[in-house]
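The exercises below go with the model shown next. Each one sets a task and then works through it in steps.

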Amino acid sequence: MTATATKDTRPEASAPTQLTMAGALNAALRDAMAADDRVIVYGEDVGPLGGVFRITDGLQAEFGDERIWDSPLAESGIIGTAIGMAMYGMRPVVEMQFDAFSYPAFEQMVSHVAKMRNRTKGRVTLPMVVRIPCAGAIGGVEHHSDSSESYWASTPGLTVVMPSNPADAYSMLREAIESDDPVVFMEPKSRYWSKAPIALPVTTAPMDRAEVVRTGTDVTLLAYGPTVRTALEAAEAAEHEGLSIEVVDLRTLSPFDDETVGASVRKTSRAAVIHEAAQFGGYGAEVAARVTERNFHHLAAPVLRIAGFDIPYPSPKLEEHQLPTPDRILAALDTWEWDA
C-alpha cells in the first residue's frame with residue numbers, strides 16, 4: 001500500500017441529528033479514511049463484524065480489506081505492526097477491543113510508541129491512534145471492565161484522551177488521527193449509546209483542553225469519560241439542597257489542562273475528582289496533587305477523590321457498588337467542614 005497525502009478537507013456540516021457516541025466514532029473513522037488514504041484501520045474483529053461494539057460497522061464494505069481488516073488476536077503484534085506502518089508514512093488506527101486486552105502490548109507502547117520521537121531527536125514520528133474501549137457499567141467481567149488510564153497517562157510521550165459525549169468523540173478522534181504523535185484514545189463503553197444532537201462534521205474544543213460543562217460557585221467536580229454524566233447528575237441533585245457545583249470535563253488526561261482546572265478551583269475553593277478506577281495510585285491522585293500544588297492558598301478544604309474501591313473489578317452483580325454514584329459524591333462532599 002502506498003502512502004498518499006490528504007485528498008480533501010472535512011465535508012460541509014450536515015443538519016443536526018441524534019447521534020450516539022458509537023455512531024460519532026464510526027463517522028469520524030469514515031470521514032478520516034475518506035479524507036486521507038494513509039489512514040488504515042485494523043484490530044480484533046473490526047472487519048466484517050464491525051467490532052464488538054460496532055464502532056467500525058460498514059467500513060470494510062466501503063473501503064475494502066486493504067484499508068480495514070481483522071488482525072490476529074495478538075495485541076503486541078498489532079502495536080508492533082502499527083509502529084512500522086507509522087514510521088513509513090501511514091496513519092494506523094488500531095482497536096484493542098477491551099481495555100485489559102491491551103496489556104500484552106504494554107512493552108511496545110511504553111518502550112517504543114512513547115519514546116520513538118525522543119529517541120530519534122524528532123526525526124521519526126509515530127502518527128498512530130490506539131483505540132481502547134474502557135471502564136465498566138456494562139455487566140462485563142474482569143479484564144472487560146478495567147480503567148487503565150493511569151498506566152498510559154504516566155508514560156511521557158503518549159497523549160491520552162477520553163471523551164464523554166458524541167460531539168467530543170467525533171472531533172477528538174479526527175484530531176487524534178491528524179496528530180503526528182501517538183494518541184491513546186480511550187472510549188468509555190457505558191457511554192457508547194448515549195445520544196446528542198450533532199451536525200457533522202463537528203469541531204469541539206482542542207484535544208488538549210478541559211471544558212467547563214456546568215458552571216457553579218461552591219465546588220468543582222473534576223471528571224472524565226463515564227463519570228462526567230455522574231458528576232452532572234450529582235450537581236443537579238445538589239442544586240435542590242442549595243449547593244452550586246461546577247463540573248469540569250477533563251477530556252484529555254495527558255497533557256493536563258492546568259489552566260482551565262486551576263481557574264475553576266480558584267473560583268470555587270473546593271474540588272473533588274471522580275473516576276471508576278481504584279483510588280490507590282489512580283489518576284485522581286495525580287489530579288489532586290497538581291490542584292493542591294498550584295492552588296493551595298485558594299483551597300478551603302482538601303481535594304477529595306471519589307473512585308472505585310481498591311479491589312479487582314467485581315462480578316456484574318456487584319459492579320453497581322463498585323462504581324461512583326451521585327449519592328457517593330454528595331456523601332463525600334458532606335465530609336468537609338463547610339464553615340471553615
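## Exercise 1: the seven-stranded sheet

Val160 stands opposite Val184 in β7. The model is a predicted one, in which local features need pLDDT of at least 70 and side-chain atom pairs count only at pLDDT 80 or more, while totals for chains, interfaces and linings use all residues. Residues are numbered from 1 along each chain as its sequence is written, and side-chain values use heavy atoms, with hydrogens and water left out.

Task: place this residue pair in its sheet, and state which strands stand at the edges.

Solution.

Step 1. Strands β6 (residues 159–161) and β7 (residues 183–188) run parallel and are joined by three bridges. Strands (E, at least two residues) and helices (H or I, at least four) are DSSP runs, numbered from the N terminus. Two strands pair if DSSP finds at least two bridges between them.

Step 2. The open sheet has seven strands in the order β3-β2-β4-β5-β7-β6-β12, and its pairing is mixed.

Step 3. At the edges stand β3 and β12 (252–254), each with a single partner strand, so one side of each is left without a neighbour in the sheet. From one strand to the next, the twist averages 20°. Axes are lines fitted to C-alpha atoms, for helices over the stretch in contact, and angles run from 0 to 180 degrees between N-to-C directions.

Step 4. Helix α3 packs on the sheet and touches β2, β3, β4 (91–95) and β5 (129–134); the direction of α3 makes about 170° with that of β4.

## Exercise 2: strand β2

Task: decide whether the residues of β2 are buried or exposed, and find the strands that pair with β2.

Solution.

Step 1. Five of the five residues of β2 are buried, so β2 is largely enclosed by the rest of the structure. Buried means under 20% relative accessible area, exposed over 50%, and partly exposed in between (1.4 Å probe, protein chains only).

Step 2. Val39, Val41 and Gly43 point one way from β2, Ile40 and Tyr42 point the other way, and all are buried.

Step 3. With β4, strand β2 pairs in the parallel sense over five bridges, and Val41 has Val93 as its bridge partner in β4. With β3, which also runs parallel to β2, there are three bridges; here Gly43 has Asp70 in β3 as its partner.

## Exercise 3: aromatic pairs

Task: find how many aromatic pairs the whole structure holds, and describe two of them.

Solution.

Step 1. The search finds eight aromatic pairs. Rings of Phe, Tyr and Trp (its six-membered ring) pair if their centres lie within 6.5 Å; planes under 30 degrees apart count as stacked, over 60 as edge-to-face and the rest as tilted.

Step 2. Tyr42 and Trp69 are stacked, at 5.0 Å centre to centre with 5° between the planes. Tyr42 is in strand β2 (residues 39–43) and Trp69 in strand β3 (residues 68–70), so the pair ties together parts that are 27 residues apart in sequence. Tyr42 is buried, with a relative accessible area of 2%, whereas Trp69 is partly exposed at 23%.

Step 3. Tyr224 and Tyr283 are edge-to-face, at 5.4 Å centre to centre with 85° between the planes. Tyr224 lies in the loop between β10 (219–223) and α8 (227–239), and Tyr283 in helix α10 (residues 283–295), so this pair ties together parts that are 59 residues apart in sequence. Both tyrosines, Tyr224 and Tyr283, are buried.

## Exercise 4: the nonpolar cores

Task: which residues have the most contacts inside the largest nonpolar core?

Solution.

Step 1. A nonpolar core is a set of buried Ala, Val, Leu, Ile, Met, Phe, Trp, Tyr and Cys residues joined through side-chain atoms within 4.5 Å.

Step 2. The largest core has 46 residues, and Ile79, Met128 and Leu250 have the most contacts inside it. Helix α3 (residues 75–87) gives the most to this core, with six residues.

Step 3. Leaving aside neighbours within four places in sequence, Ile79 is in contact (heavy atoms within 4.5 Å) with residues including Val94, Met96, Met109 and Met128. A second, separate core of 37 residues includes Leu25, Phe98, Tyr192 and Leu200.
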